[in-house]
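Work through the exercises below with the sequence and the model open. Each task is followed by a solution in steps.

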Amino acid sequence: MLADLVAGALADASARRSVRSLAALEAVATDRAPALDVLAALAPREGVHVIAEIKRASPSRGQLAEITDPASLAKAYQVGGASAISVLTEGRRFGGSLQDLEDVRAAVSIPVLRKDFIAEPYQVLEARAAGADMVLLIVAALDQPTLASLFRLINELGMTPLVEAHSADEVDRALDLGADIVGVNARDLSTFELDRDLFGSLAEMIPSGVIRVAESAVTTSADVAHYRSAGADVVLVGEALVTNGDPIHTLREFLAS
């Protein structure tokens, strides 16, 4: 599944590159206002931070929500207390787009994450050109030289990498990069099975000073409290916010956990 998602994302990026050259994209990216300070926005505090996600669909659950106005939803997330917004830009299985990212960036004053299957420099430049402050890198999807190269490019463009791991070996690979933010995804992207306790088993490997993000398997405030007690500084939440009809109330409940 992960290999198919990466291949599809690369094919779609290639199609966009045939319309907008790398040079043209670089010009737009470098003309953007500087990225926001993600490390400051997600700095550890007494309570957990929430990265709230714009997510229409997923391969495991199918269609989740129509979301005709992602900017409006992002504004609601900010009102509810989200510290950052994640925008799924993958179109084939998640129903997202770079236009969603641009619309959200224009609507909120907090950091915005491009969440996609990033595997080449063109996609990183697209993220900056669309206004992203943070870019997801999935360790399982990349060999270490490619991962390191993309990590450097994200930093060179002034953005912050969120490096996502699913195992002890992948946490080690993330830390070898010097990552300031490491995510542990409870969903295995090869099988799409969930393990809510995976974060707790890996969190102690992530040293003090590195922001720890728990991803997936958040349905209730009890799930947020579970991750917080396991050492999470941040939780990334998608499905629970787009399916319950009241994202502001849900966010406030989660933040009070």
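The exercises cover the nonpolar cores, one helix and the aromatic pairs.

The model is predicted: local features need pLDDT of at least 70, side-chain atom pairs count only at pLDDT 80 or more, and totals for chains, interfaces and linings use all residues. Residues are numbered from 1 along each chain as its sequence is written, and side-chain values use heavy atoms, with hydrogens and water left out.

**Exercise 1.** Find how many residues the largest nonpolar core has, and which helix gives the most to it.

Solution.
- A nonpolar core is a set of buried Ala, Val, Leu, Ile, Met, Phe, Trp, Tyr and Cys residues joined through side-chain atoms within 4.5 Å. Buried means under 20% relative accessible area, exposed over 50%, and partly exposed in between (1.4 Å probe, protein chains only).
- The largest core has 88 residues, and Leu42, Ile54, Tyr77, Ile85, Phe117, Met134 and Tyr227 have the most contacts inside it.
- Helix H7 (residues 144-156) gives the most to this core, with six residues. Helices (H or I, at least four residues) and strands (E, at least two) are DSSP runs, numbered from the N terminus.
- A second, separate core has six residues, among them Leu25, Ala29, Leu125 and Ala129.

**Exercise 2.** State which residues of H7 are buried and what they pack against.

Solution.
- The buried residues in H7 are Leu147, Ala148, Leu150, Phe151, Leu153 and Ile154.
- The buried residues of H7 pack (contact: heavy atoms within 4.5 Å) against H6, strand E6 (134-138), strand E7 (160-165) and helix H8 (168-176).
- Just after H7, glycine 158 has a positive phi of about 85°.

**Exercise 3.** Classify the two aromatic pairs and say which parts each ties together.

Solution.
- Rings of Phe, Tyr and Trp (its six-membered ring) pair if their centres lie within 6.5 Å; planes under 30 degrees apart count as stacked, over 60 as edge-to-face and the rest as tilted.
- Phenylalanine 94 and phenylalanine 117 are 6.0 Å apart centre to centre with 35° between the planes, a tilted pair.
- Phenylalanine 94 is in the loop between strand E4 (84-88) and helix H5 (98-107), and phenylalanine 117 in the loop between strand E5 (112-115) and helix H6 (121-129), so this pair ties together parts 23 residues apart in sequence.
- Phenylalanine 199 and tyrosine 227 form an edge-to-face pair, at 5.8 Å centre to centre and 80° between the planes.
- Phenylalanine 199 lies in helix H9 (residues 198-203) and tyrosine 227 in helix H10 (residues 221-229), so the pair ties together parts 28 residues apart in sequence.
- Both phenylalanine 199 and tyrosine 227 are buried.
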